[in-house]
Amino acid sequence: MTVPGLPIRDDLRGLEPYGAPQLDVPYALNTNENPYPPSERLVKALGEAVMDVAGTLNRYPDRDASALREDLAAFLNADTPGVGLTGRRVWAANGSNEIIQQILQVFGGPGRTAVGFEPSYSMHPIITRVSGTRWVDAFRDEDFGIDPGRAVEAVRGHRPDVVFLTSPNNPTGTALPLEAIEAVLEAAPGMVVVDEAYAEFRRGGTPSALTLLDRYPRLIVTRTMSKAFAMAGTRLGYLAASPAVIDALLLVRLPYHLSAVTQAVARTALAHGEELLGGVEALRGERDAVVAWLRGRGLAVADSDANFVLFGTFPDRRRVWEGLLARGVLIREVGPPEWLRVSVGTPEEMAAFRTALEEVLREAPRESL
Ligand SMILES: *Cc1c(COP(=O)(O)O)cnc(C)c1O
């Protein structure tokens, strides 16, 4: 809501705030969270970690979050063997959204341009515009992949200061082969950000862009603890890049941006990584099952390397979305006009989704949906 009398920036007028509905429903399958809450044991450990820092909250936290960054580097080294990262090449902030904002504050800004390949994550253009950077849409192929030749053409044409590549992509679930990422890196005059928010869900044999870091000093790979790591409430995102990129980010970060509580909670979560990531295998299985089930119903489904599935096509997708919501199942109306996205939840949640969708499809013939 904009107040007409307020002297807000001209370039913010008419923008809509980010707004995935937060409705109180029995089955919330709309924001790609991990449905498994921390165990009682982990809840206790998190509580103790907060207790430990509580007595020092009169002091500012470690401004550089050094210990946390070392832990994150160790996690990445285990996730993608051979990358040999250190805390010096990792940076952390309040969610990967803040990471992206800091990247744009350093490498974007008035007079500069960022490019992304649509359909993709809606926050990339929003954060870009708010940073005063011009946003330019490039496009994915019919199958939601990115053709290296066309991507290079887009990059050569727009000469962007920042390129966003999301892999696996949200909302389509599509992972990119390294060749496409490398082609963009070779052609891009500026920074290339590979948003790997869903990397831990990728299918076997799908590589991470982390393996390219040593060869491309203008590559930034972003990750988050919000999805596979089941810590969306903690607000912890991070990136891996060359030390020069980290030094540049220090110019724009607010002092003490990561609270002592956040740092302690994130470190405790990382120490219990095995438990937190324990649900990933089950979620992958549940994802592959729902893809097969939807295809069995004659629906179009995008291949997914993430914890959500994009399916369609419905001439009136709003009716399907509403029909599901009326049955207590909240999914996301996002992506290309005739498609819908469902996050992968527990077996019980997915059963509720399947039952509700069958009813909606039975009630109204496909052509009218
Ligand atoms: C969910 C998501 C994020 C995560 O944002 P956080 O601020 O870390 O919670 C980042 N990128 C993409 C593509 C996402 O879907």
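Visitor: Which residue stands opposite V301 in β10?

Guide: That's F311 in β10, standing opposite V301. Before we go on: this is a predicted model, where local features need pLDDT of at least 70, side-chain atom pairs count only at pLDDT 80 or more, and totals for chains, interfaces and linings use all residues. Residues are numbered from 1 along each chain as its sequence is written, and side-chain values use heavy atoms, with hydrogens and water left out.

Visitor: Why are β9 and β10 called a pair?

Guide: The test is that DSSP finds at least two bridges between two strands. β9 and β10 (residues 308-312) have 2 bridges and run antiparallel, so they pass.

Visitor: What makes β9 a strand?

Guide: A strand is a DSSP run of E of at least two residues, a helix is a run of H or I of at least four, and both are numbered from the N terminus. β9 takes in 300-301, so it qualifies.

Visitor: What order do the strands of the sheet with β9 have?

Guide: This open sheet of 3 strands runs β9-β10-β12, with antiparallel pairing. β9 and β12 (339-343) are its edge strands, each pairing on one side only.

Visitor: And the sheet of 7 strands: what is its order?

Guide: That open sheet reads β2-β8-β7-β6-β5-β3-β4, and its pairing is mixed. β2 (90-93) and β4 (134-139) each have a single partner strand, so they are the edges, with one side left without a neighbour in the sheet. Neighbouring strands are turned by 25 degrees against each other on average, direction ignored.

Visitor: What joins β2 to β8?

Guide: 4 bridges do, and β2 and β8 (residues 237-240) run antiparallel. For example, V90 has A240 of β8 as its bridge partner. Helix α3 (residues 95-107) packs on this sheet, touching strands including β2, β7 (219-224) and β8, and its direction makes about 115 degrees with that of β2. Axes here are lines fitted to C-alpha atoms, for helices over the stretch in contact, with angles from 0 to 180 degrees between N-to-C directions.

Visitor: Into which domains is the chain divided?

Guide: Domain 1 (17-32 + 278-368) and domain 2 (45-271). Those bounds come from an automatic or database domain assignment. Their C-alpha centres lie 27 Å apart.

Visitor: What does contact mean when you talk about the two domains?

Guide: Heavy atoms within 4.5 Å. By that test, 20 residues of domain 1 are in contact with 21 residues of domain 2.

Visitor: Why is the largest pocket said to lie between the domains?

Guide: Both domain 1 and domain 2 give residues to its lining, so it lies between them. There are 35 lining residues, with Y18, T31, N32, E33 and K227 nearest the centre. The largest share, 3 residues, comes from α3.

Visitor: What makes something a pocket rather than a cavity?

Guide: On a 1 Å grid over the protein atoms alone, a cavity is a set of points where a 1.4 Å probe fits but cannot get out, while a pocket is an open set with protein on both sides within 12 Å along at least five of seven lines; lining residues have an atom within 4 Å of a point. The volume is the space filled by probe spheres set on the points, which are joined across faces, edges and corners. That gives about 690 Å³ for the largest pocket and about 170 Å³ for the second largest pocket.

Visitor: How many cavities of 30 Å³ or more does the search find?

Guide: It finds 1 in the whole structure. The largest cavity has a volume of about 60 Å³, and S167, P168 and A175 are among its lining residues.

Visitor: Which class has 5 residues in the lining of the second largest pocket?

Guide: Charged, alongside 3 nonpolar and 1 polar. Asp, Glu, Lys and Arg count as charged, Ala, Val, Leu, Ile, Met, Phe, Trp, Tyr, Cys and Pro as nonpolar, and the others, Gly among them, as polar. E142, D143, R203, D303 and D305 are in that lining, so they are charged by this rule.

Visitor: What is the peptide bond from S167 to P168?

Guide: It's cis, with omega near -10 degrees. The bond from N170 to P171 is cis too, with omega near 15 degrees. P168 sits in the loop between β5 and α6 (178-187), and P171 is found in the loop between β5 and α6 as well.
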